[in-house]
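Let's take a walk through this one together, starting from a single residue and working outwards. Have the sequence and the 3D view side by side as you read.

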Amino acid sequence: MITGSVLIELYKLFIHDDVEKFRNTFANLALPLWVLTEPMPPIRQTAKDYDPILMGPVRAYPDGFTSWDKIEMQGPLTIQ
């Protein structure tokens with residue numbers, strides 16, 4: 001059951017390459033329940049002068065950074 005859902009999504013990856021066609025599948029084995037959902041885009045972080053949750057300024061580096069992005073650093077990385 002789970003492998004079939006995974007293989008269907010892999011077939012979509014090889015055939016379409018369109019993110020809008022992908023779904024997340026949740027199967028509850030205790031109940032006869034299958035839930036198909038669409039993945040949401042990641043939240044982009046932006047710099048703010050005041051954030052009500054942190055109660056202070058927030059600086060985003062780089063601006064528009066998401067949890068799906070990564071930063072690669074080159075060179076010697078030592079802390080002095």
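Leaving aside its neighbours within four places in sequence, which residues is Asp51 in contact with? Keep in mind while you look that this is a predicted model. The answer is Gly56 and Val58, once those sequence neighbours are set aside.

To see where those contacts sit, look at the strands. Asp51 belongs to strand β3, which covers residues 48-51. Strand β4 takes in residues 56-58, and it pairs with β3 in the antiparallel sense over 2 bridges. Follow the pairing from Lys48 and you'll find that its bridge partner in β4 is Val58. So is Asp51 buried or exposed? It counts as buried, because its relative accessible area is 11% and the cut-off for buried is under 20%.

Now go round the bend. β3 and β4 make a hairpin, with 4 residues between the two strands. One residue to click on here is Met55, which lies in the loop between β3 and β4. Its phi is positive, at about 60°, although Met55 is not a glycine. How much of Met55 is accessible? Its relative accessible area is 63%, and Met55 counts as exposed because the cut-off for that class is over 50%. Within this one hairpin, then, you have Asp51, which is buried, and Met55, which is exposed.

There's another hairpin to visit. Here β1 is joined to β2 through 4 residues. Strand β2 spans residues 33-37, and its pairing with β1 is antiparallel, over 5 bridges. As a handhold, take Asn28: its bridge partner in β2 is Leu33.

Strand β1 runs over residues 24-28, with Asn24 in it. What does Asn24 touch, not counting residues up to four places away in sequence? The list is Val35, Leu36, Thr37 and Pro39. With a relative accessible area of 35%, Asn24 is partly exposed. And how far is Asn24 from our starting residue, Asp51? They are 27 residues apart in sequence, and C-alpha to C-alpha the separation in space is 32 Å.

That leaves the helix. Helix α1 covers residues 2-15, and Leu13 is found in it. Leu13 is partly exposed too, at 40% relative accessibility. If you draw a line from Leu13 to Pro76, the C-alpha atoms are 38 Å apart, with those positions 63 residues apart in sequence terms.

Time to zoom out. The secondary structure of the protein chain adds up to 1 helix and 4 strands, and from the N terminus the order is α-β-β-β-β. The radius of gyration is 20 Å, whereas the globule rule gives 12 Å for 80 residues, so the chain is more spread out than a compact globule. Along the principal axes, the C-alpha atoms fill a box of roughly 55 × 35 × 25 Å.

A few whole-chain numbers round out the picture. Of the 80 residues, 12% are buried, and Asp51 is one of the residues in the buried class. If you take the contacts with a separation of 6 or more, 16% of them come from residues 24 or more positions apart. The chain exposes about 7700 Å², with carbon and sulfur atoms supplying 63% of that area. As for charge, there are 7 positive and 10 negative charges, and their mean positions are 2 Å apart.

Technical notes
Residues numbered from 1 in each chain as written. Predicted model: local features only at pLDDT ≥ 70, side-chain atom pairs only at ≥ 80, totals over all residues. Heavy atoms only, no water. Buried < 20%, exposed > 50% of the residue type's maximum accessible area, 1.4 Å probe, protein only. Contact = heavy atoms within 4.5 Å. Pairing = 2+ DSSP bridges. Rg over C-alpha atoms; globule rule 2.2 N^0.38 Å. Areas by Shrake-Rupley, 256 points an atom, 1.4 Å probe, with all protein chains shown as cover. Lys, Arg positive; Asp, Glu negative; His and termini not counted. Charge placed at Lys NZ, Arg CZ, Asp CG, Glu CD.
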